[in-house]
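User: Please take a close look at one part of this model, the open sheet, and then place it among the other local features. I would like the cut-offs stated as the terms come up.

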Amino acid sequence: MTNSDKRKKRLHEFEKTILKSSQLLEKLQRKNSNFGWIRLSVFLTGLVLYLSLFFLNLKTFSLLSLIPSIGLFIVITIFHNRTIYAVSIIRKWIEIKKSYLARAILDWQNIPAEKIFSQSDISPIEIDLDLTGPRSLHQLLDFSKSTEGSQLLKKLLIENPHGRNEVIHRQNLVNELLSLSHFRNKFILTNSLSAKDDINTEALLNWLAESEKTNQIKKMLIILGLICAANLVFIILAILGIMPTFYLYTTFFYFVSYNLNSKLIKASSSEAEIINDQFRKVIGILSFIENYKFGARKNLSDLCSPLSGKTKSPTKQLNKINSVLSLLSMRSNPVVWFLFMLICPIDYYLAYCVEVYKKGIVKNLPIWLDVWHKLEAFVSIANFAYINPDYSFPRIGKDNKLEFTTKGMGHPLINHEKNVTNNFQIHDVGDISIITGSNMSGKSTFLRTVGINISLAYSGAPVYAESFSLSMVRIFTCIRVSDSVIDGISYFYAEVKRLRDLLDKIEIPNEIPILFLIDEIFKGTNNIERLQGSRAIIKVLADKNGSGLISTHDLELVKLAEEIPSISNYHFREEVLDKIMLFDYKLKNGPCPTTNALKIMQANGLPI
């Protein structure tokens with residue numbers, strides 16, 4: 001089966017699943033509507049029967065008639081609620097599958113928007129290679145619901161891994177998840193159902209780290225408990241007439257002491273409702289991970305081992321504190337809560353329980369959440385592999401030699417129908433490929449294609465290529481350089497700073513070489529100085545611990561290949577048919593034999 005056939009089959013699979021799920025949703029919605037009418041009918045029938053017997057002076061029978069009516073109403077309500085829940089699951093499932101289809105055909109309007117990160121954290125490589133931001137690789141991959149999971153995925157895409165073994169470990173994790181379609185689908189569905197909105201667990205961890213004065217709370221709980229017990233005894237004695245209304249004084253003293261020391265329990269109770277909601281979301285997700293059996297899949301088993309619950313089940317521990325927080329959230333009903341307070345110092349008791357349970361999970365919860373965040377990131381990558389069955393997993397070469405060889409490489413952010421693939425190879429450290437070509441012929445896109453596939457490879461994902469071999473490199477980009485009006489930096493000066501940064505990094509002793517991608521070198525200055533500066537930079541780079549690709553319009557630079565054996569020339573070009581320029585976007589050997597600037601000007605009515 002060809003790659004094209006694999007893709008068509010996968011798209012058909014998505015469409016078929018969406019169609020079947022939509023048909024099931026229609027049936028459930030009809031069933032849901034019927035249950036609504038049945039509930040109403042049972043209620044009205046029971047009410048009419050009760051009133052009829054009541055007005056016929058058969059009061060005993062009227063009361064007895066309520067028993068089957070109420071019982072039947074409860075049973076129907078249970079089945080109705082199950083149907084409502086099933087409807088919500090199918091709706092979410094259809095939404096997820098539509099997202100799969102949208103990601104496969106790059107329908108950006110129907111791919112969930114990327115989470116917003118701090119602008120100060122954006123690195124040049126993210127901008128140059130479209131790794132993050134609107135219509136980026138990160139948006140295409142990201143299925144996470146937590147901010148931390150999304151940030152981890154971003155980190156996997158933009159940061160260089162520590163070595164070959166780390167990349168291979170990531171690939172193994174992704175392949176294990178790829179083989180577990182049920183787990184991936186259920187994980188994403190559980191994530192979506194547990195948290196309709198994105199989750200930021202930082203607030204949860206901050207609250208957990210805040211420690212109340214447990215001993216003081218305990219002392220106050222004992223004191224208030226004794227006062228409350230004495231108060232109840234005084235009330236009983238007063239009712240029996242044995243003692244006067246002395247309980248009025250003890251009650252007053254009880255509530256004064258209760259409120260004067262309320263600062264001890266402020267943190268436990270003030271954010272209870274918000275924290276309870278966060279815990280509820282987290283418990284639903286961690287419970288699913290904890291109870292899933294991964295079998296012989298060692299990498300996944302090791303990753304999820306902190307949730308294995310060999311000693312104490314993580315979700316059981318979380319449920320304890322969540323139950324207490326649920327009770328604390330009832331403080332919003334002052335009447336009910338006042339009655340509780342009359343019986344016992346409930347705020348202090350629950351606050352004490354919270355502190356005890358906090359200490360039990362404060363060290364482990366960050367570890368448990370880390371498992372969830374890692375799964376979110378790697379499930380996103382595994383789903384990317386599943387959605388693109390025509391992509392291939394790269395071979396990661398050994399560290400002692402620079403290697404980059406690819407066949408049929410394309411850009412994952414360009415629609416498949418429009419994508420043109422190319423072959424390319426870098427033989428060793430010091431190899432520099434100078435790429436010349438006409439305007440709009442594909443030079444910049446090719447540089448980004450190389451860079452974005454390397455980012456995918458190092459994250460553990462498959463790449464858009466028939467085959468892809470790569471050793472460990474430190475990728476460096478200088479593609480989308482921009483000026484800054486605020487900082488008073490011109491385009492040319494910004495580019496100079498980027499290239500200076502490259503020279504500084506390539507001078508630092510490191511076993512891993514740099515692979516640089518430089519687009520339109522020194523295009524911000526005049527042609528004489530551009531040529532002189534470009535020649536000097538390229539000569540220096542050819543003698544350092546790195547290799548790379550440099551695109552340029554300066555055809556004079558191709559002559560460097562005659563001086564330096566490690567420099568090779570490649571080009572893109574176009575054909576003109578009936579005054580229309582046609583680009584094939586295929587990389588060819590040698591310097592570019594054509595230019596098209598004058599042709600473009602002439603085609604648009606400018607004098608030449």
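Analyst: The sheet comes first, followed by its aromatic residues, the neighbouring loops, and then the helices and other sites.

This is a predicted model, in which local features need pLDDT of at least 70 and side-chain atom pairs count only at pLDDT 80 or more, while totals for chains, interfaces and linings use all residues. Residues are numbered from 1 along each chain as its sequence is written, and side-chain values use heavy atoms, with hydrogens and water left out.

The open sheet is built from 4 strands in the order β1-β5-β2-β3, with mixed pairing. Its edges are β1 (395-396) and β3 (422-426); each has a single partner strand, so one side of each is left without a neighbour in the sheet. Strands here are DSSP runs of E with at least two residues, helices are runs of H or I with at least four, and both are numbered from the N terminus. Two strands pair if DSSP finds at least two bridges between them. Strand β2 (residues 404-409) and strand β5 (residues 467-470) pair in the antiparallel sense, over 4 bridges. In that pairing, F404 stands opposite L470 of β5.

The whole structure holds 18 aromatic pairs. Rings of Phe, Tyr and Trp (its six-membered ring) pair if their centres lie within 6.5 Å; planes under 30 degrees apart count as stacked, over 60 as edge-to-face, and the rest as tilted. Y100 and F143 form one such pair: the ring centres are 5.5 Å apart and the planes are at 85°, so the pair is edge-to-face. Y100 lies in helix α2 (residues 59-105), and F143 in the loop between α4 (137-141) and α5 (147-158), so this pair ties together parts that are 43 residues apart in sequence. Y100 is buried at 0% relative accessibility, and F143 is buried at 12%. Buried means under 20% relative accessible area, exposed over 50%, and partly exposed in between (1.4 Å probe, protein chains only).

Back in the sheet, the rings of F404 and F468 have their centres 5.3 Å apart and their planes at 90°, so this pair too is edge-to-face. F404 belongs to strand β2 and F468 to strand β5, so the pair ties together parts that are 64 residues apart in sequence. Both F404 and F468 are buried. One aromatic cluster takes in F404, F424, F446, F468, Y570 and F572.

Two loops adjoin these strands. S471 lies in the loop between β5 and β6 (474-478) and is buried, with a relative accessible area of 0%. Leaving aside residues up to four places away in sequence, S471 touches G397, K398, K401, L402, E403 and Y458, where contact means heavy atoms within 4.5 Å. V429 is found in the loop between β3 and β4 (432-437); its relative accessible area is 33%, and it is partly exposed. With the same exclusion of residues up to four places away, V429 touches L402, P513, K544, N545, G546 and S547. The C-alpha atoms of V429 and S547 are separated by 5.4 Å, although the two residues are 118 apart along the chain.

Outside the sheet, helix α17 (residues 365-387) has 23 residues, and at 1.5 Å a residue it should span 33 Å; its end C-alpha atoms are 33 Å apart, which agrees. The expected span is 1.5 Å times one less than the number of residues. Of the 23 residues of α17, 19 are buried, so the helix is mostly covered. The charged end of R184 sits over the ring of Y386, 4.8 Å from its centre. The charged end of R103 does so over the ring of F143, at 3.8 Å from the centre. A charge sits over a ring if NZ of Lys or CZ of Arg is within 6 Å of the ring centre and within 35 degrees of the ring normal.

Helix α14 (residues 314-328) has 15 residues and reaches 22 Å from its first C-alpha to its last, close to the 21 Å expected. Its buried residues include P314, L318, I321, L325 and L328.

Two backbone details remain. D130, in the loop between α3 (124-129) and α4, has a phi near 55°, a positive value in a residue other than glycine. R135, found in the loop between α3 and α4, has a positive phi of about 55° although it is not a glycine. R135 counts as partly exposed at 48% relative accessibility. Most residues other than glycine have a negative phi.
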